[in-house]
Amino acid sequence: MSQTNKPRGKFVTFEGIDGAGKSSHIAGAAALVRGRGLNVVATREPGGTALGEKLRELLLHEAMHLETEALLMFAARREHLERVIEPALQRGEWVICDRFSDATYAYQSGGRGLDSGKFEQLEQWVHGHLQPDLTLLFDLPSAVASRRIAAQARETDRFEQERAEFHERVRLAYLERAALAPRRIQVIDADQTPEIIKILVQEALIRHCL
Ligand code: TYD
């Protein structure tokens, strides 16, 4: 059918510590891409499927062994790739995903201290064939992010409740990954106004993918 001739869609991920403000920019990024006449699937991890959203609920609110947490992140991801991400890319649609495997390296290895070598194996198993075309890393000091979360006055999850040192380790792990993959991972200075950040996001999308 005509679908076979369609070029694959682009896979774009948004990353950053809790409170970095990335989620609020996903709608704007999707609107920019749709404005070019392309279809976009906006989704998130953990989650994005019926099963994945159930796993998300557990991951965000239930105490569990640290390795269980890491394995459930990859289990949810496997389902997400199978049911949402791969089919959309094959249809030629863009996938804009709020977090992906960089988050597991940053949170479960950087934050929790698990061996990242295990994640390399899991990553190979779950999506050895696929990496994001572009990752936008929203970077800002953890103290600024914590103040933003506190100002939102809503119920926090297990990750947001972690201490400042945890979030600083997560931030450093993200920056280390960006240094290792500087073409794929574009660092956005998120300690700026939403208007400026929106422009930076648009510039990065246009420069790297559109
Ligand atoms: P988040 O995008 O922050 O959701 P919200 O904006 O609704 O708070 O994601 C939920 C949490 O999951 C976040 O604190 C980071 C964590 N997480 C991991 O620890 N490892 C992972 O691999 C992923 C995908 C997320």
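Author: In this predicted model, a helix is a DSSP run of H or I that holds at least four residues, with the numbering taken from the N terminus. In that sense α2 (50-61), α3 (66-90) and α4 (101-111) are helices, and each of them supplies at least two residues of the shell around the ligand.

Reader: Which helix gives the most to the shell around the ligand?

Author: That is α4, which contributes four residues. The shell as a whole counts 18 residues, and those that come nearest to the ligand are Asp-18, Arg-56, Arg-99, Thr-104 and Gln-108.

Reader: What makes the approach of Gln-108 to a nitrogen atom of the ligand a polar contact?

Author: An N or O atom in the side chain of Gln-108 is 2.8 Å from that nitrogen atom, and because a pair of N or O atoms counts as a polar contact within 3.5 Å, the pair qualifies. By the same cut-off, Lys-22 qualifies with a polar side-chain atom 3.0 Å from an oxygen atom of the ligand, as does Arg-77 with one at 3.2 Å from an oxygen atom of the ligand. As for cover, the ligand taken alone exposes 550 Å², of which the protein buries 88%. The space that the ligand takes is the largest pocket.

Reader: Turning to Ser-142, why is this residue called buried?

Author: Its relative accessibility is 7%, and buried means under 20%, so Ser-142 counts as buried. This residue belongs to helix α6 (residues 142-151).

Reader: Which residues does Ser-142 touch, leaving aside those up to four places away in sequence?

Author: Ser-142 touches Ile-17, Ala-164, His-167 and Glu-168, where contact means heavy atoms within 4.5 Å. With Glu-168 there is also a polar contact, which joins the two side chains at 2.4 Å, a value that lies within the 3.5 Å cut-off.

Reader: How many residues separate Ser-142 from Glu-155 in sequence, and what is the distance in space?

Author: They are 13 residues apart in sequence, and their C-alpha atoms are 19 Å apart in space.

Note on methods:
Residues are numbered from 1 along each chain as its sequence is written. This is a predicted model: local features need pLDDT of at least 70, side-chain atom pairs count only at pLDDT 80 or more; totals for chains, interfaces and linings use all residues. Side-chain values use heavy atoms; hydrogens and water are left out. Buried means under 20% relative accessible area, exposed over 50%, partly exposed in between (1.4 Å probe, protein chains only). A polar contact is a pair of N or O atoms within 3.5 Å; within protein, one must be able to donate a hydrogen and the other to accept it, and residues adjacent in sequence count only if both atoms are side-chain atoms. A residue is near a molecule or strand if one of its heavy atoms lies within 4 Å of it. Accessible areas come from the Shrake-Rupley method with a 1.4 Å probe; for residues, only the protein chains shown count as cover. On a 1 Å grid over the protein atoms alone, a cavity is a set of points where a 1.4 Å probe fits but cannot get out, and a pocket is an open set with protein on both sides within 12 Å along at least five of seven lines; lining residues have an atom within 4 Å of a point. A molecule sits in a cavity or pocket if more than half of its atoms lie within 2 Å of its grid points.
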